[in-house]
Amino acid sequence: MGETLSPQQVRRIFLAAQGFGARRPGSVGAAHLRRTVDRLGLHQIDSVNVLTRMHYLPAFSRLGGYDRALLERDAWGPRRGRRLFEYWAHEASLLPVDLHPYFRWRMARAERGEIGWRQLRLFARERNAEARAVRDRIAGEGPLAASEFENGSSKSGWWEWSETKLALEWLFWSGQITTATRRGSFERVYDLSERVIPRAVYDLPAPDAATAQRVLIERSARALGVATATDLRDYFRLKPEEAKGAIPELEEEGTLIPVQVKGWTQKAWLHRDARVPRRVRGDALLAPFDPLIWERARTERLFDFRYRIEIYVPADKRTHGYFVLPFLMDEALTARVDLKADRQGGRLLAHRVTLEPHAPRDTEERLAVELTRMAHWLGLGEVRIGETIRGSR
């Protein structure tokens, strides 16, 4: 094994790899946003809109207030300027278009019915004619949402919503269609991938699966700084057999440097380009699906912070609240805030703030500044903070 790293060093490396610790720009432009997305490799998508849609938050956490229309234009704007595409990576995600060729092996496996939910795999064989009919309709009529199939001539059988949606999701999973745009309700509008993905990218040859998986593992390592094999696989949801060749190859070429981390039982690797800062300074509110914290076991291992999203937990059984964002202060997670955007009242509501047992004295003051920054970004005129408690282990 190579050098031994302390948990504190690993935290700093991870935070720097994720884009924290740098001075926020005075005015955020498209180039800042694109560098952030490229650094992270993806923004996870979720339809929950208690505060704002999940995919907008990672850039805010790292850059501060920015025009969300910049992200929307890159994700769902004109084909010529499109910089992002939607696909299943770490769950539903927005990814840089340059990664499209490196997911085609997954798309091909889905098209053959080798992966995916059982209901979707049926469209690869037994129900392929039905999926082709959906695809042909999009090809002939242009971009369509699932709801528009309900208004077609057929009103029964597989033309019902659930069956249509299954066919569309298989076509999406297999890469034959993708998201052309999103409507105000966040409804996905599908079109043929060849009409959405920029031609210069769409025409690139698909690398073989092993090459693509090696590229994805390298991107994971770059975004994580220091990682175990499980961490590296999880970033883009690769299975053990899909990464077992990539990791040793990247180690052999010197991209991944084996290291020991004090307190870790698993082998770990350091990306050769990882920066090792002396310290990391700065504050940020983190989305539940931010890459810094989405892998809960890694979050506990690195930050000694147990975090679970409680949206689907009955209200009387929730510990910290409905939509809780951890608060990153320098190199530690020091609080968690149950937030809601009261758009009608023009207020950002912090229903409850829970301070970690060893949160520094200035946590509340610095959190208040960040909440004000977020309210301004969301176009809300007031921050209202409810109860503040100090948690216990």
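This text walks through the salt bridges, cavities, a buried helix residue and a strand pairing of one predicted model.

Start with charge. Side chains of opposite charge can pair when their charged atoms come close. A search of the whole structure turns up 39 salt bridges. Three of them are followed here.

Take Arg219 and Asp38. Their side chains form a salt bridge, with 3.1 Å from N to O. Arg219 sits in helix α11 (residues 209-224) and Asp38 in helix α2 (residues 30-40), so this pair ties together parts that are 181 residues apart in sequence. The two ends sit in unlike surroundings. Arg219 has a relative accessible area of 8%, so it is buried, the cut-off being under 20%. Asp38 is partly exposed, at 31% relative accessibility.

Next, Glu242 and Arg109. These side chains also meet in a salt bridge, at 3.2 Å from N to O. The pair links distant parts of the chain. Glu242 belongs to helix α13 (residues 240-243) and Arg109 to helix α5 (residues 104-111), and their positions lie 133 residues apart in the numbering. Here the acid is the buried partner: Glu242 has 9% relative accessibility. Arg109, at 23%, is partly exposed.

The next bridge is local. Lys165 pairs with Glu169, and their closest N and O atoms are 3.1 Å apart. Both residues lie in helix α9 (residues 161-173). They are four residues apart, which is about one turn of the helix. Lys165 is partly exposed, with a relative accessible area of 25%. Glu169 is buried, at 10% relative accessibility. This pair does not stand alone. Shared partners join Glu86, Lys165, Glu169, Arg182 and Arg188 into one salt-bridge network.

Now look for empty space. The structure holds three cavities of 30 Å³ or more. The largest encloses about 60 Å³. Its lining includes Phe14, Leu224, Pro291, Leu292, Trp294 and Thr299. Asp231, Asp234, Tyr235, Glu295 and Arg298 also line this cavity. Two helices, α12 (229-235) and α15 (296-303), each supply at least two lining residues. Helix α12 gives the most, with three. What sort of residues make up the lining of the largest cavity? They divide into six nonpolar, one polar and four charged.

The second largest cavity holds about 40 Å³ of space. Among its lining residues are Phe85, Glu86, Tyr87, His100 and Met107. Phe172, Gly175, Ile177, Thr178, Ser193 and Ile197 belong to this lining too. Strands are the elements that give two or more residues here: β3 (84-89) and β6 (177-182). Strand β3 gives the most, with three residues. By class, this lining has six nonpolar, four polar and one charged residues. Glu86 deserves a second look: it lines this cavity, and it is also a member of the salt-bridge network with Lys165 and Glu169.

Ile177, another lining residue of the second largest cavity, leads into the strand pairing. In β7, its bridge partner is Leu192. Strands β6 and β7 run antiparallel and are joined by five bridges. They form a hairpin with five residues between the strands. Within that hairpin, Phe186 takes a positive phi near 75°.

Strand β7 (residues 188-192) also pairs with β5 (residues 144-145). Two bridges join these strands, which run antiparallel. Leu144 stands opposite Tyr190 in β7. How enclosed is strand β7? Five of its five residues are buried, so the rest of the structure largely encloses it. Arg188, whose number falls within β7, is one of the residues in the salt-bridge network.

Finish at Leu250, in helix α14 (residues 246-252). Is Leu250 buried or exposed? It is buried, with a relative accessible area of 2%. Which residues does Leu250 touch, leaving aside neighbours within four places in sequence? Its contacts are Arg214, Ile217, Glu218, Thr255 and Leu256. Arg214, Ile217 and Glu218 have numbers within the span of helix α11 (residues 209-224), the helix that carries Arg219. For a sense of distance, compare Leu250 with Pro7. They are 243 residues apart along the chain, and their C-alpha atoms are separated by 23 Å.

Key
Residues are numbered from 1 along each chain as its sequence is written. This is a predicted model: local features need pLDDT of at least 70, side-chain atom pairs count only at pLDDT 80 or more; totals for chains, interfaces and linings use all residues. Side-chain values use heavy atoms; hydrogens and water are left out. A salt bridge is a side-chain nitrogen of Lys or Arg within 4 Å of a carboxyl oxygen of Asp or Glu. Buried means under 20% relative accessible area, exposed over 50%, partly exposed in between (1.4 Å probe, protein chains only). On a 1 Å grid over the protein atoms alone, a cavity is a set of points where a 1.4 Å probe fits but cannot get out, and a pocket is an open set with protein on both sides within 12 Å along at least five of seven lines; lining residues have an atom within 4 Å of a point. Grid points are joined across faces, edges and corners, and a volume is the space filled by probe spheres set on the points. Ala, Val, Leu, Ile, Met, Phe, Trp, Tyr, Cys and Pro count as nonpolar, Asp, Glu, Lys and Arg as charged, and the others, Gly among them, as polar. Contact means heavy atoms within 4.5 Å. Two strands pair if DSSP finds at least two bridges between them.
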